[in-house]
Every structure is written in C-alpha cells, then in structure tokens.
Amino acid sequence: MAPNILLLQVDQLQAACLSIYGGRAAITPRIDELAGEGVVFQNAYCNFPLCGPSRASMMTGQLPSEVGAYDNAADFPSSAPTFAHYLNDAGYHTALIGKMHFVGADQLHGYQQRLTTDLYPASFWWTPDWTGTLLPDDDYQNDLSSFTEAGIRKRTVQIDYDSEVAHRAQMKLYDLARGVGLTDDAQPWHLTVSFTHPHDPYQCLPRHWNLYNDDDLDMPSVSRPADDDNDPHSLRLLEMYRLDGYVPSEQEVRTARRAYFGSVSYVDELIGSVLDTLADAGMADNTMVVLTSDHGEMLGQRGLWFKQTMFEDASRVPLVMRWPNELKTGDVTDCVSLVDLLPTFVDISNSKTTETDDLDGKSLLPLARTGEDPTRQNIVYVENFGDASNAPIAMVRRDNFK
C-alpha cells in the first residue's frame, strides 16, 4: 500500500542555524529527533529565494520561470499541475493547512480540502516597482521596523496563525485516523502543514526568548563589506530594505537574532505537537514525513537580512525525510532542490499512469533509500526575478562549485 505523506513546511528557516547542519544557534529538539530517525539532505536549495515563487516552483516541480512565478505578486496559474493534482490522480486524499502564498482566484491548486485561509493577501498588492528605481516612499514589507520592533511579544498575528495551523493539523490527523473524508480505510492521504514562522518580524513568545542568552548568541561570521567592495545586487537589497544608510547596532543585531532563534524554537515545538499526534493516531509507521522551508534567511551575514539573494543562508534550505524501515538514516550530500519533491511524491505513490520526465525535478527516493543515484546529475538551479533585481538572476551549483 502506498504510504501517507505529511509535508511540514516552515517559512524563512536558515539551515545553518540548525544543529543538523552544523549550527549551534537554534534550540530544536523535535527537528533534531526527526532528523535522527531519517535522512538529512545537506545541500538542498530552494529554486527562488522568495516565498511565493519558491512555493509555486516546489508545487509544480518546475523552475519558477516555467510557471511565470516572477515575484510575490505573480498569478499562480491554475493550468499548472501541482503535486496535489498528481496525488489526486494516484488515489490520494489531499488537504492543505496553513500558508502557501497562492496569488489569484485559485486558492486550492489541486488540494481537495483547505482548512485555513492564507496569512497573506491573494491579490496583486505586492507587485514590485519595475520602473528601475527604488523610491523613498515605497512600502516594502521588510524595513527597519524589523529591528526597532524586534523582541518579546505575548501574541502576534503570526503566533496566533501558527497556533491555529497546528491545532487544525492535529484535528485533521485524528479525523484521518478515523477514516473521516476518506473513501475507505485503505486510501492514502497527503497533508501539507505550512507554518509562517520563523519569518520576520523578529518577535517571539517570552518562554522561547528565555531559552537563549545574549552572551551566548552566535553573531554573523561575515561582516558587511564596504560599498565599493560590495556586489550590485546586495547594494540594491540594502537600499530596498532601508539599510543603505543605516547599520544596526550590535545590540539590535543580537535582539533580532535572539527573537529569530526563539521563533525557530516555537515552530519546532509546533512541529513536535503534529508529530506526536501522528504517532498517537497510529499512523507514523506508514507515513513519509518531509520537513523543509521555502527559503532561508541571511540574518545579518554580509550585512544582509531576509532573503532574495543567492548567498547560502538565503538560498539553502533544510530538507529532512523520515519513512520508517524504508529510508536510510544519516546525511546525503548530493545537491538537490525543492522541485525534486513532486517527482518524489509521485514515485512513492506507486502511480502507474503519471510521468514526470518532462519536469525540472527528479525523485529523491533513490538517494533517500541508499544514498546513491547514478542516474542523477549533481546540479541545482536557482532563479530570481523579484524586487531589487534589474535583470533576471540565476545561480547554478554543480558539485562543490557555485
């Protein structure tokens, strides 16, 4: 019987801060536990370091340019098949809980059920200024308020949202265990549970703030280059974020990073609650769990924050898979990317009618099972057409060269 698939997605999670990627910054016992029971892809990348395009690319198994995912305001076409469509065709029940940043009228994109609305508007409100200038009165989501308002919060919209996502996911898992919504007891299911943390603003609950100490925090290892020694795209990003004429103080950097790590611990706690429910409902053994993020977070490296750059902290993502008795445990060092998830899901669904050879991704199942895939090129592609780019930007990583 084909396994169930539980996709746990977080937003803007820097792989390098996690212990499973050699970091010592974030306290994430549940992610560590999941990784210890599964396979960790050490060199996984998003295909566009920005929320909306990354998710559209991931869901379709195609590079962003193939589906017109140019920025956070690009309409996600209903004509583009997603992994939800493929899994429906393979006989799965499919449901979405949480953020997916769908722009346009279609808020399902193949999912048979959606249990929450999105956190962000589905309109074209975030269309960038394509006149070639960044005007002082432009209203960007990321700006200096990320530092002036960083710190402890007892509640925020994002905290409330993710709490609801976790609750809905737990209730849905219990329903699935009882067969609610399934055609019969043997029908497999796919559930996407997508949290918005640790996306900025850098704010967290007191109990997660108190897990950390200012004196023990890692600080950025690479300082901001002088403007005449910096690259043009980084300079445009600094201008867009209003950081071209402002350098956060050491304490502002510490506060922002501490609150970010607190947000990572918060979403780790929520991930644990969902995994506990999966086990409590008796479905863990026949469920492949996948944990990833839509992109990373610069978090002060090179003076940059947020995303939208090809540097490792923004483009590299965590990727963990667990399927008891079916996948290896330990690390895989091959270069992979989020477009590989759709072929992977189709591969484990045992679909006899669906072909994915014309897509940009390739199934990760051989790597996850044995650590080797001689048919695979060790190469990934990343694109960027969004804010602060004055021309299409592309990144290629092949083996150890980027």
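A residue counts as buried when its relative accessible area is under 20%, and as exposed when that area is over 50%, with partly exposed in between. Keep those cut-offs in mind as we walk through this predicted model, starting with helix α10.

Helix α10 covers residues 341–348, and seven of its eight residues are buried, so the helix is largely enclosed by the rest of the structure. If you would like to find them on screen, the buried residues of α10 are L341, L342, P343, T344, F345, V346 and I348. Just after the helix, look for N350, which takes a positive phi of about 65°.

From a buried helix we can turn to a buried charge. R257 sits in helix α8, which runs over residues 250–280. What is the nearest side chain of opposite charge to R257? It is D218, 5.6 Å away, and R257 has no salt bridge although it is buried. A salt bridge here needs a side-chain nitrogen of Lys or Arg within 4 Å of a carboxyl oxygen of Asp or Glu. D218 is nevertheless in contact with R257, as are M219, P220, L299 and W305, leaving aside residues up to four places away in sequence.

Other charged side chains do find partners. Side chains of opposite charge can pair when their charged atoms come close. In this model the count comes to 18 salt bridges. One of them joins R114 and D118, with 3.3 Å from N to O. Is this pair buried or exposed? R114 has a relative accessibility of 18%, so it counts as buried, and D118 is buried as well, at 13%.

The salt bridge between R155 and D160 has its closest N and O atoms 2.8 Å apart. Here R155 is partly exposed, with 48% relative accessibility, and D160 is also partly exposed, at 39%.

A further salt bridge links E164 to R168, where the closest N and O atoms are 2.7 Å apart. Both residues belong to helix α5 (residues 157–177), and because they are four residues apart, about one helical turn separates them. An α-helix has 3.6 residues a turn, so residues three or four places apart point the same way. E164 is partly exposed at 33% relative accessible area, and R168 is partly exposed at 35%. Elsewhere, salt bridges with shared partners connect D11, R55, K99 and D294 in one network.

Now for the empty space. Rolling a probe the size of a water molecule over the atoms shows where such space is left. How many cavities of 30 Å³ or more does a search of the whole structure find? The search finds one, and its volume is about 90 Å³. Its lining is made up of 14 residues, and those nearest the centre are G52, A56, A74, F76 and H101. Sorted by class, the lining holds eight nonpolar, three polar and three charged residues.

Our last stop is the second largest pocket, which has a volume of about 240 Å³. Among the residues lining this pocket are N47, L63, S337, D360, K362 and R376. Strand β12 (residues 379–384) gives the most to the lining, with three residues. By class, five lining residues of the second largest pocket are nonpolar, three are polar and four are charged.

Terms used:
Residues numbered from 1 in each chain as written. Predicted model: local features only at pLDDT ≥ 70, side-chain atom pairs only at ≥ 80, totals over all residues. Heavy atoms only, no water. 1 Å grid on protein atoms, 1.4 Å probe; cavity = no way out; pocket = protein on both sides within 12 Å on 5 of 7 lines; lining within 4 Å. Points joined across faces, edges and corners; volume = space filled by probe spheres on them. Nonpolar A, V, L, I, M, F, W, Y, C, P; charged D, E, K, R; others polar. Buried < 20%, exposed > 50% of the residue type's maximum accessible area, 1.4 Å probe, protein only. Helix = DSSP H or I, 4+ residues; strand = E, 2+ residues; numbered from the N terminus. Lys, Arg positive; Asp, Glu negative; His and termini not counted. Contact = heavy atoms within 4.5 Å.
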